[in-house]
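User: I would like to work through this structure by way of questions and answers. Please explain each step of the reasoning formally, for a student in the first year.

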Amino acid sequence: METHEITYNFHDQGGVAEARLWIENLAHPRWTVEYYNNMTLSGAPVATEPDPTVFYDWGLGRPHSAMQKDGFSARWRGQRHFHAGFYRFWVFHDDGARLIVDGEVLINQWRDGRAAHDSLLTYMSSGYHDVVIEYYENIGDAEIRFWWE
């Protein structure tokens, strides 16, 4: 096993600031994201593509050129490897979001509303797990962020 030293410096000069650092195994494949021009993830997606992350703030914009600015949804799928232990999963979303791991809904906040953080602490067995993040945007700002610690 290799050892690496990481230095992370952050300085806030009094404004609203957020800084995060996480380590991800680069052997993970990319996510596959499906975009829908409805809020129910129904019908055929208007676009499907690989995605390196689920960490977006589109503001009043759209996530893809084939998308409308409001009233859309997206689903990210991917297999992720975990070592046995407890993990806290986080989803920051505006509007609705769900986190599904190995077919079990862990976070279910499928509702309109302002931006919110939701988290859950759960035990993960060692190995690859199917992870799905579902998201919809009704109106206004659009953002979705997913990570674990």
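Analyst: Rings of Phe, Tyr and Trp, taking the six-membered ring of Trp, form a pair if their centres lie within 6.5 Å. The structure is a predicted model, and in it ring pairs link W31, F82, Y87, F89, F146 and W148 into a cluster.

User: How many aromatic pairs are there by this rule?
Analyst: The rule asks for ring centres within 6.5 Å. Applied to this structure, it gives a count of aromatic pairs equal to 16.

User: Are the rings of W90 and W147 stacked or edge-to-face?
Analyst: Planes under 30 degrees apart count as stacked, and those over 60 as edge-to-face. The ring centres of W90 and W147 are 5.8 Å apart and the planes lie at 5°, so this pair is stacked.

User: How many residues apart are W90 and W147?
Analyst: W90 belongs to strand 5, whereas W147 belongs to strand 10, which covers residues 142–148. The pair therefore links distant parts of the chain, and the separation is 57 residues.

User: Is W147 buried or exposed?
Analyst: Buried means under 20% relative accessible area. W90, at 22%, counts as partly exposed. W147 has a relative accessibility of 6%, so W147 counts as buried.

User: What is the arrangement of the rings of F146 and W148?
Analyst: F146 is buried, with a relative accessible area of 5%. The ring centres of F146 and W148 are 5.7 Å apart and their planes lie at 55°, so the pair is tilted.

User: Which ring does the charged end of R80 sit over?
Analyst: R98 offers an example of such an arrangement, with its charged end over the ring of W110, 3.9 Å from the centre. For R80, the charged end is 4.0 Å from the centre of the ring it sits over, that of W31.

User: How many salt bridges does a search of the whole structure find?
Analyst: A salt bridge needs a side-chain nitrogen of Lys or Arg within 4 Å of a carboxyl oxygen of Asp or Glu. E143 and R145 form one, with their closest N and O atoms 3.1 Å apart. The search of the whole structure finds five.

User: How far apart in sequence are the parts tied together by E34 and R75?
Analyst: The side chains of E34 and R75 meet in a salt bridge, at 3.2 Å from N to O. E34 lies in strand 1 (residues 31–36) and R75 in strand 4 (residues 72–82), so the parts tied together are 41 residues apart.

User: Which strand holds E134, the partner of R75?
Analyst: The side chains of R75 and E134 meet in a salt bridge, at 3.0 Å from N to O. This pair links distant parts of the chain, 59 residues apart, with R75 in strand 4 and E134 in strand 9.

User: Is E134 buried or exposed?
Analyst: The cut-off for buried is under 20% relative accessible area. R75, at 12%, counts as buried. The relative accessible area of E134 is 8%, so E134 is buried.

User: Which backbone nitrogen does the side chain of D95 reach?
Analyst: D95 lies in the loop between strand 5 (85–94) and strand 6 (96–101). D95 is buried yet has no salt bridge, and the nearest side chain of opposite charge, R111, is 6.2 Å away. At 2.9 Å, the side chain of D95 reaches the backbone nitrogen of G113.

Methods: Residues numbered from 1 in each chain as written. Predicted model: local features only at pLDDT ≥ 70, side-chain atom pairs only at ≥ 80, totals over all residues. Heavy atoms only, no water. Helix = DSSP H or I, 4+ residues; strand = E, 2+ residues; numbered from the N terminus. Buried < 20%, exposed > 50% of the residue type's maximum accessible area, 1.4 Å probe, protein only. Lys, Arg positive; Asp, Glu negative; His and termini not counted. Polar contact = N/O pair within 3.5 Å; in protein donor to acceptor, adjacent residues only side chain to side chain. Lys NZ or Arg CZ within 6 Å of the ring centre and 35° of its normal.
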